[in-house]
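Visitor: I should like to learn how to read the features of a protein model. Could you take me through one step by step?

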Amino acid sequence: MAFNYIEIDRVEKLTKEVFIDNYYNLQKPLVITNQVDDWPAVHKWSFKFLKEIAGDKIVPLYNSGIAECIPKLNEPDLTLPMSQYIEILQRGPTDLRIFLYNLMKDVPDLKTDIRWPELGIKLIKTLPFIFFGGQGTKVYMQYDIDLSNIFDIHFEGKKQCILVAPNEAQYIYRLPYSWICHENIDFDNPDFEKFPALEMITPYITNLEHGEMLYIPEGWWYYMKYTTPGFSLRLKALAGRPKNLLKGIRNMTIMQYYDNWMRQYKGQAWLNYKNRESIRRTNATLK
């Protein structure tokens, strides 16, 4: 069995008034096409271009292991020059990916290739992260720790995006003290017998191509799979809802540090506890 998906709205270039009234205020996801057609990046950015301008930069690489199992938070599995990594991507399927990497800090000239979208909300200009993935690479279901609004602009290839609304988070087996789900859930082929609460959700779905921008509202959960090698630029804006802003601050100042401390203190026992609790708590919502 599979989910009954809702296709995410797709619109061509829109005004900030339409975005605020019809999507931001309603906290509704959206794919915007042609919004960044005037960016030099849309016409320049490719693997070939990045090899030329940033091929010598040493980049952090991660495999598909659950973030919870990494010994140190956000510690890469290995590092390589960007040119070698791109060659790996182009050779065929790989689970090696890059996330939370500020390439523009290492290659400042890239900043001249983008324009900050004027959509009525203030973007954080110090956090233009770029994410990379190879064919078949998966990004596990999660939400951003700070509950920010996300604009994901995709380049070079295609990727599939699945979103789950915050009001359905109780059914996706989220791990306590974390912002990801149970490690054994395959959101491409959900096991409704093992994880029965998943039948209660109706995810949103879309496929992004070069130059398209996905808006992910604050606190929404997302799962992504690269159907071809590609990379995305992620822009963020702080949560506009006071409740979400406070929750994001709590996550970053209390929850994250508590979880890291428990992981170091109890090791795998802490991770096993969280997996068990995610199943117990989620299944309890069905009774």
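Guide: We shall take sheets, then a buried residue, then salt bridges, and finally a surface patch. This is a predicted model, in which local features need pLDDT of at least 70 and side-chain atom pairs count only at pLDDT 80 or more, while totals for chains, interfaces and linings use all residues. Residues are numbered from 1 along each chain as its sequence is written, and side-chain values use heavy atoms, with hydrogens and water left out.

Visitor: In what order do the seven strands of the open sheet lie?

Guide: Strands of a sheet pair through backbone hydrogen bonds, either parallel or antiparallel. Strands (E, at least two residues) and helices (H or I, at least four) are DSSP runs numbered from the N terminus, and two strands pair if DSSP finds at least two bridges between them. Here the order of the seven is 2-3-12-9-14-7-6, with mixed pairing. Strand 2 (10-12) and strand 6 (97-101) are the edges, each pairing on one side only. From one strand to the next, the twist averages 25 degrees; such angles run from 0 to 180 degrees between N-to-C directions, with axes fitted to C-alpha atoms, for helices over the stretch in contact.

Visitor: How many bridges pair strand 6 with strand 7?

Guide: Three bridges join strand 6 to strand 7 (residues 129-133), in the antiparallel sense. Ile 98 stands opposite Phe 132, and Tyr 101 opposite Ile 130. Helix 4 (residues 82-91) lies across both strands, at about 40 degrees to strand 7. Buried means under 20% relative accessible area, exposed over 50%, and partly exposed in between (1.4 Å probe, protein chains only). Four of the five residues of strand 6 are buried, so this strand is largely enclosed by the rest of the structure.

Visitor: What is the strand order of the open sheet with five strands?

Guide: That order is 1-11-10-13-8, again with mixed pairing. Within this sheet, strand 10 (residues 159-164) runs antiparallel to strand 13 (residues 221-226), and six bridges join them. One of the bridge pairs is Lys 159 with Tyr 226.

Visitor: Is Ile 172 buried or exposed?

Guide: Ile 172 is buried, its relative accessible area being 0%. It lies in the loop between strand 10 and strand 11 (204-208). Contact means heavy atoms within 4.5 Å. Beyond its neighbours within four places in sequence, Ile 172 is in contact with several residues, including Met 141, Val 164 and Trp 221.

Visitor: Which parts of the chain does the salt bridge of Glu 212 and Arg 10 tie together?

Guide: Side chains of opposite charge can pair when their charged atoms come close. A salt bridge is a side-chain nitrogen of Lys or Arg within 4 Å of a carboxyl oxygen of Asp or Glu. Glu 212 and Arg 10 meet at 2.6 Å, N to O. Glu 212 lies in the loop between strand 11 and strand 12 (213-216) and Arg 10 in strand 2, so the pair ties together parts that are 202 residues apart in sequence. Glu 212 is buried at 12% relative accessibility, whereas Arg 10 is partly exposed at 39%. By this rule the count comes to 17 salt bridges.

Visitor: Which residues make the nonpolar surface patch?

Guide: Leu 238, Leu 245, Leu 246 and Ile 249 make a patch of about 370 Å². Patch residues have over 30% relative accessible area and no salt bridge; like charges are joined within 9 Å, and nonpolar side chains (Val, Leu, Ile, Met, Phe, Trp, Tyr) within 5 Å. Accessible areas come from the Shrake-Rupley method with a 1.4 Å probe; for residues, only the protein chains shown count as cover. Ile 249, in helix 6 (residues 242-266), is partly exposed at 41% relative accessible area.
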